[in-house]
Amino acid sequence: MTTNQSKKCLVEFQLAEQPLRPGEVAIVGAGPGDPGLLTLRALMLIQQADAIVYDRLVSPQIMELVNPRAERIHVGKASGCHYVPQDETNELLVKLAVQQRRVVRLKGGDPYIFGRGGEEAEFLVENDIDFQVVPGITSAAGCSAYCGIPLTHRDYSQSVTFVTGHRKGDQALELNWQVLAAPGQTRVFYMGLHNAPTIVEQLTAHGLSENCPVALVERGTTPLQHMTVTTLKDLVDTIEREDFQPPTLIIVGEVVQLADTLARPAQAGWNSALSGPAAATAGRRPA
């Protein structure tokens, strides 16, 4: 057997291992959008499932890989606007499992990083439903890499913090701002567009320079990627001027300045305000 044949057999084995059982729920991370970032196990499970419960952040390209015979149930969520309330989603997973369906709960990014996967897993345990969890590439890692931003760097950032920019039930964004404003780190805010004024106010009030570089990445790793580099003091104006919409990550830290060097200009929406005045039409999504 040749080396190539051996590799092909290994992949085929991995795709065939641990079949999804009737009555089992797989909570699967689909990654940030590019189907090339889907894990082998995630691909195996979405092709085996006969019921796919998915969010709006799962890209159409990934949905094309789903078992064509599977029932597709959209429970998409946006900040402050839930297509299906979380409690009903939890009940739906249990109902499908009790019906002995092979269920995949498909989520954008990683299910255990701001994906409510933990809440759903707890509910499955409470109802004696077998489940497994398949991690995915979280949006912070995928989008930053595609935009030329290393989240850590020995010269700029010795740690990285993933931060929610939106609290449950629209509660006030009460975070440990003193820690988040400390130097030598990268902060990645998920779901932070609505609370951008608070993010700017609190970080600067606790000592972070208003000139700190900030990147905005909308629909990262997809053909609709829209990315801009600005500064903390100009963050809110940039969001309004370029009409950023969810899902958008806000990356705050000195590593962001490396995007000028490391980002590939051919990527959709690249625009930097750090090197000079931004063109009025730069970074616009296609109409």
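## Helix α5: two sides

In this predicted model, helix α5 spans residues 117–126. Its buried residues are Gly 117, Glu 120, Ala 121, Phe 123 and Leu 124. They lie on the same side of α5, because they cover an arc of only 160° around the axis. In an α-helix, residues three or four places apart point the same way, because there are 3.6 residues a turn.

Glu 122, Val 125 and Glu 126 are exposed on the other side of α5. The cover over the buried residues includes β1, α4, β6 and β7. After α5 comes Asp 128, with a positive phi near 55°.

## Val 103 in strand β6

Strand β6 is among the elements that cover α5. Val 103 sits in this strand, which runs over residues 103–107. Val 103 is buried, and its relative accessible area is 0%. Its contacts beyond four places in sequence include Leu 20, Val 25, Ala 51 and Leu 93. Val 53 is another of these contacts. The C-alpha atoms of Val 103 and Val 53 are 7.5 Å apart, although 50 residues separate them along the chain.

## Aromatic pairs

The structure has three aromatic pairs. In one, the ring centres of Phe 114 and Tyr 190 are 4.9 Å apart; the planes meet at 55°, so this pair is tilted. It links the loop between β6 and α5 to strand β9, 76 residues apart. Phe 114 is partly exposed, at 36% relative accessible area. Tyr 190 is buried, at 8%.

Trp 177 and Phe 189 form a stacked pair, because their planes are at 20°, with centres 6.4 Å apart. Trp 177 lies in helix α7 and Phe 189 in strand β9, so the pair ties together parts twelve residues apart in sequence. Both residues, Trp 177 and Phe 189, are buried. Phe 114, Phe 162 and Tyr 190 make up one aromatic cluster.

Key. Residues are numbered from 1 along each chain as its sequence is written. This is a predicted model: local features need pLDDT of at least 70, side-chain atom pairs count only at pLDDT 80 or more; totals for chains, interfaces and linings use all residues. Side-chain values use heavy atoms; hydrogens and water are left out. Helices (H or I, at least four residues) and strands (E, at least two) are DSSP runs, numbered from the N terminus. Buried means under 20% relative accessible area, exposed over 50%, partly exposed in between (1.4 Å probe, protein chains only). Contact means heavy atoms within 4.5 Å. The arc is that of the directions from the helix axis to the C-beta atoms. Rings of Phe, Tyr and Trp (its six-membered ring) pair if their centres lie within 6.5 Å; planes under 30 degrees apart count as stacked, over 60 as edge-to-face and the rest as tilted.
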